[in-house]
Amino acid sequence: MTTDSEPTPVANSASGDPTHLADTAISVAAHLEGELEEALAEHRLTRASFLVLDALERAEGHTLGQRELVTRVRRTSGTLSVRLGRLERARMIEREPDPENRRSVTVTLTERGRTLVQAARPAYAERAQRLIAGLPAGAADGLGASRSEERRVGKECRSRWSPY
């Protein structure tokens with residue numbers, strides 16, 4: 001039981017209570033994702049599909065190996081495989097065995113997928129800009145870490161709590 005003199009997690013947030021910080025980060029991320037999903041809805045895209053199409057559209061030749069795509073969109077291979085199946089059925093992408101390594105798959109953006117992602121990108125960018133503009137001064141510092149830094153921090157965090 002907590003007394004008036006004992007800080008609660010909410011009251012302790014200013015001093016950096018880890019559970020409060022983690023919960024706040026998750027809440028903010030959920031809000032941002034919901035807002036970005038809403039911006040893409042008029043194009044009948046989810047954020048996950050948009051990220052795949054966007055990565056392919058920005059890639060040389062609009063083609064990436066499926067493993068590279070997993071890294072770029074930060075999804076598991078199983079989750080991405082399901083997403084790619086949906087995009088392939090919608091004729092947004094094509095998948096085929098990698099000619100250099102038959103065990104690997106290459107993913108190529110179709111013209112239909114390219115047209116859609118180019119039409120959706122301005123709405124996504126505008127909403128992201130509006131959301132970031134609402135942050136207090138200095139709050140976005142450090143949020144734009146490189147993907148390699150994100151992976152490094154993620155691995156470090158997992159190694160600290162993983163029982164394996």
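Visitor: How many salt bridges does the count come to by this rule?

Guide: The count comes to 11 salt bridges, where a salt bridge is a side-chain nitrogen of Lys or Arg within 4 Å of a carboxyl oxygen of Asp or Glu. This is a predicted model, in which local features need pLDDT of at least 70 and side-chain atom pairs count only at pLDDT 80 or more, while totals for chains, interfaces and linings use all residues. Residues are numbered from 1 along each chain as its sequence is written, and side-chain values use heavy atoms, with hydrogens and water left out.

Visitor: Why is the pair of R47 and E33 called a salt bridge?

Guide: The closest N and O atoms of R47 and E33 are 3.6 Å apart, and the rule asks for a distance within 4 Å, so the pair qualifies.

Visitor: What makes E35, the partner of R130, count as buried or exposed?

Guide: E35 has a relative accessible area of 17%, and buried means under 20%, exposed over 50% and partly exposed in between, with a 1.4 Å probe and protein chains only, so E35 is buried. E33, by contrast, counts as partly exposed at 34% relative accessibility.

Visitor: How do you know that D54 and R121 form a salt bridge, and which parts does the pair tie together?

Guide: The N to O distance is 2.6 Å, which is within 4 Å and therefore meets the rule. D54 lies in helix α2 and R121 in helix α5, so the pair ties together parts that are 67 residues apart in sequence, helices being DSSP runs of H or I with at least four residues, numbered from the N terminus.

Key. Helices (H or I, at least four residues) and strands (E, at least two) are DSSP runs, numbered from the N terminus.
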